[in-house]
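Thanks for coming. I'll put the structure up and then walk through it from the whole chain down to a few side chains.

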Amino acid sequence: MTTKKLMKRTLVFLVLLTMIAGAVLEVSAQKRRTRRSRRTPPVQYYTVPANTIIRVRLNEPLNSGTARIGDRFSANVVEPVYAGGGVEVVPVGSKVWGRVTQVNRAQKRRPGNITVAFNSIVLPNGRTTVINGSLTTLQADDVNADNEGTVKGGSNQKRDAVFIGGGVATGAIIGAIAGGGKGAAIGGILGGALGTGARVFEKEKEAEVKSGTEFGVILNRSVSLPATPVR
């Protein structure tokens, strides 16, 4: 092969190599542009105001005879929570975490009671948000729903609610310790099997809150949450 032919073939090879390299670079650039165009837009947050009540169902049982201060427990959200404009921010299946803040064992002429607080919500996607929440009743007289389906606490809503031991075989009820712990103002009885109104204690009883019990968590402060992805 002559030197002239060798140089010509080498030139053709270099041209082809340059064209291939250019094509590869263009494809790579296109992929980068596509990835940038597909980036998730900034997350938009919505405010859930204070006094909103989250309806939950207890996952672990609580008992004033065995509970300890600091014990953690969880409850699943059973109704969605909406922010302004009807945007769903807390879907069913989210988990609310709480802890025991005070325990009083049952004594003569005084039933046991458990004070709790709620400190976080875990959404189904794993996102965790800190909250400041308290125990509350779900009685219709104490709560109301707005036109977006969000439940709000009434103006007379108690924030010092506790689980209080009821009479024989009644489990726990929600009440508020009155007079610095000297008495008990009874709120709503938990669970359909327990009745719908307040009752007089038949005898001293530990507060026994069974797994599956439904109650309310009222927000003491507003909280910002992202919208629930459309399912």
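Let me start with the contacts. If we take contacts between residues at least 6 apart in sequence, 64% of them join residues at least 24 apart. Keep in mind that this is a predicted model. The secondary structure comes to one helix and 17 strands. The chain has 231 residues, and 35% of them are buried. About 13,600 Å² of the chain is exposed, with carbon and sulfur atoms supplying 54% of that area.

Now the interior. Which residues touch the most other members of the largest nonpolar core? They are Leu62, Val116, Phe118, Phe163 and Phe215, in a core of 34 residues. Strand E8, residues 113–122, gives this core its largest share, four residues.

Take Val116 from that list. Leaving out neighbours within four places in sequence, Val116 has contacts with Leu62, Phe73, Arg99, Val100, Thr101, Leu135 and Phe163. Two of those partners, Leu62 and Phe163, are also among the core residues I just named.

Next, the aromatic rings. How many aromatic pairs does a search of the whole structure find? It finds three, and I'll describe two of them. Phe118 and Phe215 form a tilted pair, with 6.0 Å centre to centre and 35° between the planes. This pair links distant parts of the chain, since Phe118 sits in strand E8 and Phe215 in strand E16, residues 214–219, with their positions 97 residues apart. Both Phe118 and Phe215 are buried.

The other pair is Phe163 with Phe215. Why is this pair called edge-to-face? The ring centres are 5.5 Å apart and the planes are at 80°; the cut-off for edge-to-face is over 60 degrees, so the pair qualifies. Here too, distant parts of the chain are linked: Phe163 belongs to strand E12, residues 161–165, and Phe215 to strand E16, 52 residues apart.

On burial, Phe163 has a relative accessible area of 0%, and Phe215 has 1%. Buried means under 20%, so both residues fall on that side of the cut-off. With Phe73 added, Phe118, Phe163 and Phe215 make one aromatic cluster.

There is also a charge over a ring. Arg72 lies over the face of Trp97, at 4.3 Å from the ring centre.

Trp97 comes up again with a polar residue in strand E8, Ser120. Is Ser120 buried or exposed? Its relative accessible area is 9%, so Ser120 counts as buried. Not counting residues up to four places away in sequence, Ser120 touches Lys95, Val96 and Trp97, and also Thr128, Thr129, Val130 and Ile131.

Last, Pro226, which is found in strand E17, residues 223–226. Pro226 is buried as well, because its relative accessible area is 8%. Pro226 and Tyr45 are 181 residues apart in sequence, yet their C-alpha atoms are 4.3 Å apart in space. Setting aside residues up to four places away in sequence, Pro226 touches Val43, Gln44, Tyr45 and Tyr46, then Glu88 and Val89, and finally Leu123 and Arg127.

To go back to the contacts I opened with, 64% of those counted join residues at least 24 apart. Pro226 and Tyr45 are one example, at 181 residues apart and in contact.

Note on methods
Residues numbered from 1 in each chain as written. Predicted model: local features only at pLDDT ≥ 70, side-chain atom pairs only at ≥ 80, totals over all residues. Heavy atoms only, no water. Core = buried A, V, L, I, M, F, W, Y, C linked by side-chain atoms within 4.5 Å. Buried < 20%, exposed > 50% of the residue type's maximum accessible area, 1.4 Å probe, protein only. Helix = DSSP H or I, 4+ residues; strand = E, 2+ residues; numbered from the N terminus. Contact = heavy atoms within 4.5 Å. Areas by Shrake-Rupley, 256 points an atom, 1.4 Å probe, with all protein chains shown as cover. Phe/Tyr/Trp six-rings, centres within 6.5 Å; stacked < 30°, edge-to-face > 60°. Lys NZ or Arg CZ within 6 Å of the ring centre and 35° of its normal.
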